[in-house]
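Got a few minutes and a structure viewer? Here are some exercises to work through, each followed by a solution you can check on screen.

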Amino acid sequence: MNIIAAEKMMLKLMREHSVNWPWTFAWNKKRTAFGLCDFERKRIVLSLPWVEANSRAVVKNYALHEIAHVLAGARAVDHGRRWKRIALAIGCDGEEFVNPETLYQPFTSASVADATRSGEFGGGAMTEDEEKRHNRRRAEMEARIAQEE
């Protein structure tokens, strides 16, 4: 899926499900997980490589998966009954992991292990230039979304 379209979709889903400030959305480059819900930083994070490699339907399901974590709360059991009930109610498939038959994995686990050992991922952080470009694109996109509403 296109990254700009994915971010626009994620921000819209967050608003639709009342996941508002102080919660934010961010990207990482990690290849070990599609996404995560960081309660400490109040941030939902999706992986650029996973999003780019998958369809809109798969990305939307994962976005809703992470939003369900926020709505279930930090004290909820990871993928327990409360999380699953909320996930299903907001349109997620309620599965702990995406069905491997619908998920495109752009790399093998061996390549992930090799890259992790070599330090290639560098903890998944964006470079300063990448972050500036990303923030500039995000501001432009948020302005477009505001105009559409």
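## Exercise 1: one helix, two faces

Keep in mind that this is a predicted model. In α4, the buried residues are Trp83, Ile86, Ala87 and Ile90.

**Task.** Work out why these four sit on the same side of α4, then find what they pack against and what the opposite face carries.

**Solution.**
- Step 1: Look down the helix axis. The four buried residues cover an arc of only 100° around it, which puts them on the same side of α4.
- Step 2: Recall the helix geometry. An α-helix has 3.6 residues a turn, so residues three or four places apart point the same way.
- Step 3: See what lies against that side. The buried residues of α4 pack against α3.
- Step 4: Flip to the face turned away from the buried side. There you'll find the exposed residues Arg81, Arg85 and Ala89.
- Step 5: Step just past the end of α4. Glycine 91 takes a positive phi of about 110° there.

## Exercise 2: put the sheet together

**Task.** Find the order of the 3 strands in the open sheet, and say which of them are edge strands.

**Solution.**
- Step 1: Start with β1 and β3. They pair in the parallel sense over 5 bridges. Two pairs to click on: alanine 26 has valine 45 of β3 as its bridge partner, and tryptophan 27 has leucine 46.
- Step 2: Go to β2, which runs antiparallel to β3 and is joined to it by 4 bridges. Here glycine 35 stands opposite leucine 46 in β3.
- Step 3: Check the link between β2 and β3. Their hairpin has 4 residues between the strands, and lysine 42 takes a positive phi near 55° in it.
- Step 4: Read off the order, β1-β3-β2, with mixed pairing. The edge strands are β1 and β2 (35–38), since each pairs on one side only. Neighbouring strands are turned by 20° against each other on average, ignoring direction.

## Exercise 3: what covers the sheet?

**Task.** Say how covered β1 and β3 are, and find helices that touch the sheet.

**Solution.**
- Step 1: Count the buried residues. In β1, 4 of the 5 residues are buried, and β3 also has 4 of its 5 buried.
- Step 2: Look for α1. This helix lies across β1 and β3, running at about 150° to β1.
- Step 3: Look for α3. It packs on the sheet, touching β2 and β3, and its direction makes about 20° with that of β2.

## Exercise 4: into the core

**Task.** Which residues touch the most other members of the largest nonpolar core, and which element gives the most to this core?

**Solution.**
- Step 1: Pick out the hubs. Among the 33 residues of this core, Ile44 and Val51 touch the most other members.
- Step 2: List the elements that give two or more residues: α1 (3–16), β1 (24–28), β3 (43–47), α2 (48–53), α3 (56–72) and α4 (81–90). The top contributor is α3, with 9 residues.
- Step 3: Zoom in on isoleucine 44. Beyond four places in sequence, its contacts include Met10, Met14, Trp23, Phe25, Leu36, Ile67 and Val70.

## Exercise 5: how far to trust it

**Task.** Where does pLDDT stay under 50?

**Solution.**
- Step 1: Take the overall view. The protein averages a pLDDT of 80, and 66% of the residues score at least 70.
- Step 2: Go to residues 109–124, where pLDDT stays under 50; the model has 12 contacts beyond four places in sequence for them.
- Step 3: Apply the usual caution. Where pLDDT is low, the predicted coordinates should not be read in detail.

Methods:
Residues are numbered from 1 along each chain as its sequence is written. This is a predicted model: local features need pLDDT of at least 70, side-chain atom pairs count only at pLDDT 80 or more; totals for chains, interfaces and linings use all residues. Side-chain values use heavy atoms; hydrogens and water are left out. A nonpolar core is a set of buried Ala, Val, Leu, Ile, Met, Phe, Trp, Tyr and Cys residues joined through side-chain atoms within 4.5 Å. Buried means under 20% relative accessible area, exposed over 50%, partly exposed in between (1.4 Å probe, protein chains only). Contact means heavy atoms within 4.5 Å. Two strands pair if DSSP finds at least two bridges between them. Axes are lines fitted to C-alpha atoms, for helices over the stretch in contact, and angles run from 0 to 180 degrees between N-to-C directions. pLDDT is the predictor's confidence in each residue, from 0 to 100. The arc is that of the directions from the helix axis to the C-beta atoms.
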